[in-house]
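User: Please go through this model with me, one question at a time. I would like the reasoning with each answer.

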Amino acid sequence: MLSMAGKSVRKWWALFALPTFAAFVIGFLVPFVMSIILSFCHFATVTDAKFIGIHNYAAALRDPEFWHALAFTVAFTVVTTLIINILGFAVAYLLTTNIRGANIFRSVFFMPNLIGGIILGYIWMLLLNGILAHWGRSITYSGVYGFWGLVILYCWQQIGYMMIIYISGLQSLPGDVIEAAQVDGANGRQTLFHVTIPLMMPSITVCTFLTVTNGFKLFDQNLALTNGAPSNSSEMLALNIYRTFYGRPGFEGVGQAKAVIFFVIVAAIAIIQNRLTTSKEVTA
């Protein structure tokens, strides 16, 4: 009787899982495999692809703009990951204390994450250009201006989102461990750094993973805020790939090769980061 019931459950499970699996195969797996194949081809459309070996990868690696975009993206990701996670945790820590209006502040900090990246880019372009106009500058005056403009925009958008994850982690901490530390004479700073933060490592792992991967993949804000100006000096890797693929006729294969390299880099960094932070996790 139980065996028949188990078979029935498995049958219905397979039936309900099939649409999701089909969507995964059609929407992700097939395009991913095709993108790898096309990175070894010269093509204008998928139907006229001709295999040319690793020439696309060689051309991608010889492109100085690709390496500049990669260095720009790495620097941006490192800076924003540190700022977002430190400030996100600090705001979450503050808002889990008994202060008036904590729920209102949570909503206010989270709201920027609800705005689309293109809209945010144009809003911050107007704001930053208005401020810089006092010194006769604009956000596209140099790559340095574009870099810090993107940092401000992205941090303003993401801090509230990471704050929510950190608040959830802080609220799930075992109260008896915190109380035991206080009974043993630990002050607020010692409790924070030696008890709270080690127990928060699962949340830190998630937030760090999200900020690292999202920082590398940033596209729409970069397009709207600076569009890579001046002279592509503020161009991030995703925008560089887009311009290579769509803006340079005959370079579609090179753009696809850059996309595959981009995937490998992001996947490798995400795996390393995840293992490093996971190894620091402790249990109460």
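The questions below cover a pocket, a surface patch and the salt bridges of this predicted model.

User: What is the volume of the largest pocket, and which elements give two or more residues to its lining?

Analyst: The volume of the largest pocket is about 440 Å³. The elements that give two or more residues to its lining are α1 (2-38), α11 (237-247) and α12 (252-278).

User: How do the residues of that lining divide into nonpolar, polar and charged?

Analyst: The lining of the largest pocket holds 18 residues, and Phe 32, Ser 35, Gln 256, Ala 259 and Val 260 lie nearest the centre. Sorted by type, the lining comes to 14 nonpolar, four polar and no charged residues.

User: Which residues make the nonpolar surface patch of about 670 Å²?

Analyst: One member, Phe 21, lies in helix α1. Phe 21 has 52% relative accessibility, and the cut-off for exposed is over 50%, so Phe 21 counts as exposed. The full patch is made by Leu 18, Phe 21, Phe 24, Phe 28, Leu 29, Val 33 and Ile 37.

User: How many residues apart in sequence are the parts that Asp 63 and Arg 248 tie together?

Analyst: The side chains of Asp 63 and Arg 248 meet in a salt bridge, at 3.7 Å from N to O. Asp 63 sits in the loop between α2 (55-62) and α3 (64-95), and Arg 248 in the loop between α11 and α12, so the pair ties together parts that are 185 residues apart in sequence.

User: Is Lys 258, which meets Asp 63 in a salt bridge, buried or exposed?

Analyst: The Lys 258 and Asp 63 side chains meet at 2.7 Å, N to O. Lys 258 lies in helix α12 and Asp 63 in the loop between α2 and α3, so this pair ties together parts that are 195 residues apart in sequence. The relative accessible area of Lys 258 is 0%; the cut-off for buried is under 20%, so Lys 258 is buried.

User: What is the relative accessible area of Arg 243, the salt-bridge partner of Glu 235?

Analyst: Glu 235 and Arg 243 meet through their side chains at 3.0 Å, N to O. Glu 235 is buried, with a relative accessible area of 2%. Arg 243 is partly exposed, and its relative accessible area is 23%.

User: Which residues do salt bridges that share partners join into one network?

Analyst: The count comes to three salt bridges. Asp 63 meets Arg 248 in one of them and Lys 258 in another. The network formed through shared partners consists of Asp 63, Arg 248 and Lys 258.

Definitions and conventions: Residues numbered from 1 in each chain as written. Predicted model: local features only at pLDDT ≥ 70, side-chain atom pairs only at ≥ 80, totals over all residues. Heavy atoms only, no water. 1 Å grid on protein atoms, 1.4 Å probe; cavity = no way out; pocket = protein on both sides within 12 Å on 5 of 7 lines; lining within 4 Å. Points joined across faces, edges and corners; volume = space filled by probe spheres on them. Helix = DSSP H or I, 4+ residues; strand = E, 2+ residues; numbered from the N terminus. Nonpolar A, V, L, I, M, F, W, Y, C, P; charged D, E, K, R; others polar. Patch = residues over 30% accessible without salt bridge, like charges linked within 9 Å, V, L, I, M, F, W, Y side chains within 5 Å. Areas by Shrake-Rupley, 256 points an atom, 1.4 Å probe, with all protein chains shown as cover. Salt bridge = Lys/Arg side-chain N within 4 Å of Asp/Glu carboxyl O. Buried < 20%, exposed > 50% of the residue type's maximum accessible area, 1.4 Å probe, protein only.
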